[in-house]
Amino acid sequence: MELFTLARVLHVLAVILWIGGVAMVTTVIIPSVKRLKSKEEQLETFERIEGRFALQAKITTLITGLSGFYMLWYLDAWDRYLQLSFWWIHAMTLIWIVFTLILYVFEPWLLHRIFREQVMRDPGKAFSVIHKLHWILLTLSLITTAGVVAGCHGWYWF
Ligand code: HEM
């Protein structure tokens, strides 16, 4: 039981750091970077900040995934994937898969280069696209978090 509680504590702390960081990037950093004068300055500032956050996000997504799957194993709750009322288990797993793929696969191999090229071509459009994507991921993450906390404490929305 103690290990399960520790896993939950680590899970929630990692989620706070990770999704809180996404909120900071979405609501504060990108809008500020958009207001910088030159595209070189925009790109340099954004990459410096996002680069540091990417490392933090890689660590926190890893802790979230390990602790999350450990809790599922401990509870022997794999059959929740077959029940609609546990939509928040699907949502957590899906959000985690999307971020993990972006952070570990697409960003280093592809997105970094494509984003640089797009900023050089049309910085306004590039930052507007990346801002929208951050808003979508943040909104889905917050809905998921609300659904998990409600579900864990007996309030099922379906
Ligand atoms: C592979 C990914 C994930 C797995 C397997 C997973 C699994 C779990 C499990 C099994 C629980 C405990 C459920 C229970 O006690 O009935 C839990 C709790 C929680 N999860 Fe996840 N999770 C994952 C990712 C996420 C993500 C991406 C978020 C947020 C966006 C999240 C937020 C939370 C929160 C806030 C709790 C604690 C709720 C509470 O105690 O009130 N998890 N997770």
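Which helix does valine 148 lie in? We'll pick that residue up again later, but here is the reply straight away: select valine 148 and you land in helix α4. Keep in mind on this tour that you are looking at a predicted model.

**Stop 1: the whole chain**

Zoom out and show the protein chain as a cartoon. Its secondary structure comes to four helices and zero strands. Starting at the N terminus, the elements read α-α-α-α. Turn the chain around: along its principal axes, the C-alpha trace spans about 55 × 30 × 25 Å. The protein chain has 158 residues, and buried ones make up 20% of them. Now think about contacts with a separation of 6 or more: 83% of these in the protein chain are between residues 24 or more positions apart.

**Stop 2: α1 against α2**

Select 2-34 for α1 and 39-75 for α2. The axes of these two helices come within 8 Å and cross at roughly 155 degrees. Angles over 145 degrees count as roughly antiparallel, and that makes α1 roughly antiparallel to α2. The contact of α1 with α2 holds 18 nonpolar, ten polar and two charged residues. As for handedness, α1 passes α2 in a left-handed crossing.

Now click on isoleucine 63, which is found in helix α2. Which residues does isoleucine 63 touch, leaving out those up to four places away in sequence? Show Leu10 and Ala14, and you have them. While you're here, display histidine 11 too: 52 residues separate it from isoleucine 63 in sequence, yet their C-alpha atoms are 6.7 Å apart in space. Is isoleucine 63 buried, exposed or partly exposed? With 17 other C-beta atoms within 10 Å, isoleucine 63 is partly exposed, because being buried takes 20 or more.

**Stop 3: the loop between α2 and α3**

Follow the chain on to aspartate 76, whose place is in the loop between α2 and α3. Look at the backbone here. Most residues other than glycine have a negative phi. Aspartate 76 is not a glycine, but its phi is positive, at about 50 degrees. How many other C-beta atoms lie within 10 Å of aspartate 76? There are 7, so aspartate 76 is exposed.

**Stop 4: α2 against α3**

Next, add 87-121, which is α3. α2 and α3 pack with their axes 10 Å apart, at an angle of about 160 degrees, and are therefore roughly antiparallel to each other. The contact of α2 with α3 divides into ten nonpolar, six polar and four charged residues. α2 passes α3 in a left-handed crossing. To see who meets whom, show side chains: on the α2 side you'll find residues including Lys39, Leu43, Lys58 and Gly68, and on the α3 side residues including Met92, Trp96, Glu107 and Arg116.

**Stop 5: α3 against α4**

Add 123-152 for α4. The axes of α3 and α4 are 10 Å apart, and the two helices pack at an angle of about 165 degrees. α3 and α4 are therefore roughly antiparallel to each other. By class, the contact of α3 with α4 has twelve nonpolar, five polar and no charged residues. Here too the crossing is a left-handed one, with α3 passing α4. Among the α3 residues in this contact are Trp87, Ala91, Ile95 and Phe115, and among those of α4 are Pro123, Ile130, Leu140 and Gly151.

Back to valine 148, as promised. Not counting residues up to four places away in sequence, valine 148 touches Trp88 and Met92. Valine 148 is partly exposed, with 19 other C-beta atoms within 10 Å. If you'd like a distance to draw, go from valine 148 to alanine 23: these residues are 125 apart along the chain, and their C-alpha atoms are separated by 18 Å.

**Stop 6: the ligand**

Last, select the ligand and show what surrounds it. How many residues is that? You should find 22, and the closest are Gly68, Met71, Met92, Trp96 and Cys152. α1, α2, α3 and α4 each supply at least two residues of this shell. Colour the shell by class and you get twelve nonpolar, nine polar and one charged.

Technical notes:
Residues are numbered from 1 along each chain as its sequence is written. This is a predicted model: local features need pLDDT of at least 70, side-chain atom pairs count only at pLDDT 80 or more; totals for chains, interfaces and linings use all residues. A residue is near a molecule or strand if its C-beta atom, placed from the backbone, lies within 6 Å of it. Ala, Val, Leu, Ile, Met, Phe, Trp, Tyr, Cys and Pro count as nonpolar, Asp, Glu, Lys and Arg as charged, and the others, Gly among them, as polar. A residue is buried if 20 or more other C-beta atoms lie within 10 Å of its own, exposed if 12 or fewer, and partly exposed in between; C-beta atoms are placed from the backbone. Two residues are in contact if their C-beta atoms, placed from the backbone, lie within 7 Å. Axes are lines fitted to C-alpha atoms, for helices over the stretch in contact, and angles run from 0 to 180 degrees between N-to-C directions. Angles under 35 degrees count as roughly parallel, over 145 as roughly antiparallel, 65 to 115 as roughly perpendicular and the rest as oblique. A crossing is left-handed if the near helix is turned anticlockwise from the far one by less than a right angle, and right-handed if clockwise.
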